[in-house]
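Visitor: I would like the reasoning behind the labels. Please set each value against its cut-off.

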Amino acid sequence: MKFWIFMLVMNLLTPLTMIIFGYIYSKKPPQKPKSKFAYSGYRTPMSMKNEETWEYANRFFGKLWFRFGIAVGLISIIVLFFFIGKDKDTIGFAGMIICYVQLAAMLLPAIPTEISLRRRFDKYGNRKDK
């Protein structure tokens with residue numbers, strides 16, 4: 001049971017990180033970095049065109065990350081409940097699979113964010129007229 005609790009706590013770290021940073025980025029996006037070596041925020045070539053694209057991308061991505069974090073956290077808890085009382089190898093394998101799914105869920109919001117950026121802004125970062 002102790003290993004199951006340990007695995008539950010470890011598998012909740014990723015969703016909690018997504019929820020916390022998603023909330024922060026959606027409410028107050030990080031300041032656009034002056035240096036290419038600053039690593040805070042949603043950094044893609046399109047999001048870094050100008051201040052407007054930077055703020056829009058970080059808010060959009062933050063909202064998605066917050067929602068994905070809640071969903072992934074709940075799914076992780078539910079799936080792990082099916083492994084209560086199993087041996088350590090089975091629990092560890094289930095935890096590893098959950099971790100891989102969580103990592104994929106961390107990256108997935110980048111796709112709709114980039115699509116939304118390209119719909120709203122041209123390739124130079126200027127807002128498209130509707």
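**Labels and their grounds**

Guide: Start with G95, a residue of helix α3 (residues 88-107). Note that this is a predicted model.

Visitor: Why is G95 called buried?

Guide: Buried means under 20% relative accessible area. G95 has 2% relative accessibility, so G95 counts as buried.

Visitor: What does G95 touch, leaving out residues up to four places away in sequence?

Guide: M7 and N11. Contact here means heavy atoms within 4.5 Å. L8 is 87 residues from G95 in sequence, with 7.9 Å between their C-alpha atoms.

Visitor: What makes F61 and W65 an aromatic pair, and why is the pair called tilted?

Guide: The whole structure holds eight aromatic pairs. In the pair of F61 and W65, the centres are 5.3 Å apart and the planes meet at 35°. Rings pair if their centres lie within 6.5 Å, so 5.3 Å qualifies. Stacked needs under 30 degrees and edge-to-face over 60, so 35° is tilted.

Visitor: How are F61 and W65 placed in helix α2?

Guide: They sit four residues apart in α2 (residues 51-81), so about one helical turn separates F61 and W65. Both F61 and W65 are buried. Ring pairs join Y42, F61 and W65 in a cluster.

Visitor: Which residues make up the largest nonpolar core?

Guide: Nine: M18, Y42, M46, Y56, A57, F61, W65, L117 and F121. Helix α2 gives the largest share, four residues. A second, separate core has six residues, among them W4, M7, L8 and L80.

Visitor: What is F121 in contact with, beyond its neighbours within four places in sequence?

Guide: M46, E52, T53, Y56, N126, R127 and K128.

Notes:
Residues numbered from 1 in each chain as written. Predicted model: local features only at pLDDT ≥ 70, side-chain atom pairs only at ≥ 80, totals over all residues. Heavy atoms only, no water. Phe/Tyr/Trp six-rings, centres within 6.5 Å; stacked < 30°, edge-to-face > 60°. Helix = DSSP H or I, 4+ residues; strand = E, 2+ residues; numbered from the N terminus. Buried < 20%, exposed > 50% of the residue type's maximum accessible area, 1.4 Å probe, protein only. Core = buried A, V, L, I, M, F, W, Y, C linked by side-chain atoms within 4.5 Å.
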